[in-house]
Structure formats: structure tokens, C-alpha cells
Amino acid sequence: MNINKFLILLLAALLLGCQEVKTQSQTPQENLPETQTQKAEKPRQRGNMILSQARPADQIHPDYPYDIELKAAGGDIANSASVLPQNGRPTVLLFWLTTCGPCRMEMAAIKKEYQRWSQELDFNFFAISTDFQKNYPKFVKMVEAQDWPWPTYNDHKREFGQIMPGRLNGLPQTFVLNPNGEIVYHKRKYRPGDEAALFEAMKKAARG
């Protein structure tokens, strides 16, 4: 009986010890509250790897052509407000990842139709990668290898996810905007044949 009590007390002491270690491992800085702006200015980290430098949504212009930095495969960085045109044409924004198989399938299907689409309709088309910075070299290699007929950029601070419907949860995601910059079509994921529905949405957006 005395042995059982001893084991129970020992187990309780061990459990209390684990809780104390967990509490002591937190530094005072980790317990300090941060404002939304402070969180945006200090990139989140895992070890030494920066995960995100995105501003909070309320600091990003929410309407087309937005104000988000886009990085080209050549390394040049430009603001989306100067990259995305306002020329009276419908605009397609296709968001993708280098690690996303369905993304590559969708862009391959669109590439086969792109020339025909261009002969039938005037439109703007941009593919925007949301890869983390560590995958930028892979982004560059893929852009060079695929030779896509549309402009392709990397949202290197991953800010589009802050303002687009659904926060770009699940890729690929494709948006069609009318000439006024309003989203009139939004598709998530990819199934063969989706490219035909996309082109119909582009034509409808062009007609107003």
C-alpha cells in the first residue's frame, strides 16, 4: 500500500515537472502582446527561415490592380499597380505553386488553347506563383523550362492571400475580372475541361 502511494506521488511530481519546464521555456518576449502592424513588420520564422513578410489585409489596396510587389523570373520587382493593365479588357489571374501538380496540369491545358483564345479574344492573362522565397529558384527554373506565353510572377511576400476571396486556400485558383476590375468568375482546383469554362467566363466578362 505504501509502495502504491509512493508511485502515485512520484507520478504527480513528474507531471508537475513537465508543466514547469514548459512554462519556463517561454521567454518574456513570447508572452508580450503584439499589434497587428508589429506582426506584419516582423516576418514569421521557423528556425532561420522566413515564412512570410505579408502585410495585413487592411494595409493592402483591396481592388484591382492592387499594390503588391511581384518578382519576375529575371529578378526584377515591380508593383502590381504598374504590371496589371487597365486597358478595357478582361483579366485572368491564375494563382499557383511550383509544388502543385494540378496547377501544372491546368497551365499545360491552357497553354494548348492560348493561341486560339488570343485570336478570338483580347484579354490579359497573368500567372502568379505564391511560392515561399526558398522556392524562388525552382520558380525561375520552371518558368524558363515551360516557356509559357503569358507573364508569370512570384508574389514573393505572399500578400495576395491576404485579400483574395477565400485567402487562396487551395490551389490552383483562377479569377476572371471584367474590364472594370471586378471579379466575375472564381474557380478553385482543377479538373480536365475547366479551361473551356474559363474561356467562356472570359468571353462573358468581355461582353460585360
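Let's start by selecting strand S8: 5 of its 5 residues are buried, so the rest of the structure largely encloses this strand. As you look around, keep in mind that this is a predicted model.

**Stop 1: both sides of S8**

Show the side chains of S8, residues 173-177. On one face you will find Gln173, Phe175 and Leu177, and on the other Thr174 and Val176; all are buried, so to speak, on both covered faces.

**Stop 2: the hairpin to S9**

Now add strand S9, residues 183-188. What joins S8 to S9? There are 5 bridges between these strands, which run antiparallel. To see one position in the pairing, pick Phe175, which stands opposite His186 in S9. Then follow the chain through the turn: S8 and S9 form a hairpin with 5 residues between them. Pause at Gly181 in that turn, where phi is positive, at about 85°.

**Stop 3: the other neighbour, S5**

Select strand S5, residues 91-96. S5 pairs with S8 in the antiparallel sense, over 5 bridges. Click on Leu94 and look across to S8, where its bridge partner is Thr174.

Is S5 covered or open? It is mostly covered, with 6 of its 6 residues buried. Thr91, Leu93 and Phe95 lie on one side, while Val92, Leu94 and Trp96 lie on the other, and both faces are covered.

**Stop 4: across to S6 and over H5**

Bring in strand S6, residues 124-129. S5 and S6 run parallel and are joined by 6 bridges. Trp96 is a handy landmark here, since in S6 its bridge partner is Ser129.

Next, colour helix H5, residues 101-120. Together, S5, H5 and S6 make a right-handed β-α-β unit. H5 lies across S5, S6, S8 and S9, and runs at about 150° to S5. Helix H8 also packs on the sheet, touching S5, S8 and S9, with its direction at about 20° to that of S8.

**Stop 5: a charged residue in H8**

Zoom in on Glu195, which sits in helix H8, residues 194-207. Which side chain of opposite charge is nearest to Glu195? That is Lys187, 7.9 Å away. Glu195 is buried yet has no salt bridge. Display its surroundings and, leaving aside residues up to four places away in sequence, you will see that Glu195 touches Ala109, Ile110, Trp117 and Tyr190.

**Stop 6: the whole sheet**

Zoom out and show every strand of the sheet. In what order do the 7 strands lie? The order is S4-S3-S7-S6-S5-S8-S9, in an open sheet with mixed pairing. Strand S4 (77-79) and S9 stand at the edges with a single partner strand each, so one side of each is left without a neighbour in the sheet. Turn the view to follow the twist, which averages 30° from one strand to the next.

Finish at the S4 edge by selecting strand S3, residues 69-72. S3 and S4 run antiparallel and are joined by 3 bridges. Your last landmark is Leu70, which stands opposite Ala78 in S4.

Definitions and conventions. Residues are numbered from 1 along each chain as its sequence is written. This is a predicted model: local features need pLDDT of at least 70, side-chain atom pairs count only at pLDDT 80 or more; totals for chains, interfaces and linings use all residues. Side-chain values use heavy atoms; hydrogens and water are left out. Helices (H or I, at least four residues) and strands (E, at least two) are DSSP runs, numbered from the N terminus. Buried means under 20% relative accessible area, exposed over 50%, partly exposed in between (1.4 Å probe, protein chains only). Lys and Arg count as positive and Asp and Glu as negative; His and the chain ends are not counted. A salt bridge is a side-chain nitrogen of Lys or Arg within 4 Å of a carboxyl oxygen of Asp or Glu. Contact means heavy atoms within 4.5 Å. Two strands pair if DSSP finds at least two bridges between them. A crossover is right-handed if, with the strands pointing away from the viewer, the path from the first strand over the helix to the second runs clockwise. Axes are lines fitted to C-alpha atoms, for helices over the stretch in contact, and angles run from 0 to 180 degrees between N-to-C directions.
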